[in-house]
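This report describes the fold of one protein chain, then its central strands and a few residues of interest. The sequence and structure come first.

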Amino acid sequence: CDIKKIELLIPGEAQMEKGGGKSTILVNDKPLEINRFTNDIVTNSIRAMVNSLKTEDNVKTIDIEISDIENSNVVDSQITLKTNGHPVEINDFSSGILKETIFAAINTLKIDEEINNLKIKVEE
């Protein structure tokens with residue numbers, strides 16, 4: 001049996017369009033060029049995490065900034081989250097998951113310098 005593709009369908013959840021949306025990533029205030037596959041992974045992952053926070057309905061834009069990263073350690077870093085330009089309050093547990101997950105994903109892209117801050121904008 002040769003499996004070519006596996007899809008996970010979650011009943012009752014809105015389906016994200018394949019290739020829908022765009023992520024802009026800044027590492028240390030410099031744009032990071034990413035291909036379509038990486039864009040889709042980052043876009044869909046961030047959308048899913050933010051959707052789980054139960055923010056406002058009909059989110060068109062997501063802005064995340066992780067600052068004060070020292071020695072690849074995000075534990076004491078700061079995170080801000082905005083949806084549709086409005087700040088979103090997040091508790092320590094959620095901010096920890098967001099920081100760790102987003103930093104780990106971007107860090108795997110083989111950045112040539114130490115990451116001190118990340119800014120990601122996801123647009124529909």
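## Overall make-up

Of the 124 residues in this chain, 34% count as buried. The model is a predicted one. Its secondary structure comes to two helices and six strands, and these follow the pattern β-β-α-β-β-β-α-β when read along the sequence.

## The sheet

The six strands form an open sheet with antiparallel pairing, in the order 2-1-6-3-4-5. At the edges stand strand 2 (30-31) and strand 5 (86-87); each has a single partner strand, so one side of each is left without a neighbour in the sheet. In general, the strands of a sheet pair through backbone hydrogen bonds, in either a parallel or an antiparallel way.

## Strand 6 and its two neighbours

Strand 6 covers residues 118-123, and its side chains alternate. L118, I120 and V122 point to one face and are buried, whereas K119, K121 and E123 point to the other face and are not buried.

One neighbour of strand 6 is strand 1 (residues 22-27), paired with it in the antiparallel sense over six bridges. In this pairing, K22 stands opposite E123 of strand 6. The other neighbour in the strand order 2-1-6-3-4-5 is strand 3. Strand 3 (residues 61-67) also pairs with strand 6 in the antiparallel sense, over six bridges. Three pairs of residues can be picked out here: I62 stands opposite V122, D63 has K121 as its bridge partner, and I66 has L118. Of these partners in strand 6, V122 and L118 are among the buried residues, while K121 is on the face that is not buried.

## Strand 3 and strand 4

How many of the seven residues of strand 3 are buried? Five are, so the strand is mostly covered, given that buried means under 20% relative accessible area.

Besides its pairing with strand 6, strand 3 pairs with strand 4 in the antiparallel sense, again over six bridges. Within that pairing, the bridge partner of E65 is T80 in strand 4.

## The loop between strand 3 and strand 4

Strand 4 covers residues 78-83, and D68 lies in the loop that runs between strand 3 and strand 4. N71 has its place in this loop too. Most residues other than glycine have a negative phi. D68, although not a glycine, has a positive phi of about 60°. N71 is likewise not a glycine, and its phi is positive at about 55°.

Is N71 buried or exposed? With a relative accessibility of 63%, N71 counts as exposed, because the cut-off for exposed is over 50%.

D68 also belongs to a patch of negative charge on the surface. The residues that gather in this patch are D68, E70, D76 and E114.

## Helix 1 and strand 1

Helix 1 covers residues 36-52, and R36 is placed in it. R36 has a relative accessible area of 44%, so it is partly exposed: the value lies between the 20% limit for buried and the 50% limit for exposed.

R36 and K22 are 14 residues apart along the chain, and their C-alpha atoms are separated by 8.9 Å. K22 is the residue that stands opposite E123 in strand 6.

Key. Residues are numbered from 1 along each chain as its sequence is written. This is a predicted model: local features need pLDDT of at least 70, side-chain atom pairs count only at pLDDT 80 or more; totals for chains, interfaces and linings use all residues. Side-chain values use heavy atoms; hydrogens and water are left out. Buried means under 20% relative accessible area, exposed over 50%, partly exposed in between (1.4 Å probe, protein chains only). Helices (H or I, at least four residues) and strands (E, at least two) are DSSP runs, numbered from the N terminus. Two strands pair if DSSP finds at least two bridges between them. Patches are made of residues with over 30% relative accessible area and no salt bridge: like charges are joined within 9 Å, nonpolar side chains (Val, Leu, Ile, Met, Phe, Trp, Tyr) within 5 Å. Accessible areas come from the Shrake-Rupley method with a 1.4 Å probe; for residues, only the protein chains shown count as cover. A salt bridge is a side-chain nitrogen of Lys or Arg within 4 Å of a carboxyl oxygen of Asp or Glu. Lys and Arg count as positive and Asp and Glu as negative; His and the chain ends are not counted. The place of a charge is taken as NZ of Lys, CZ of Arg, CG of Asp or CD of Glu.
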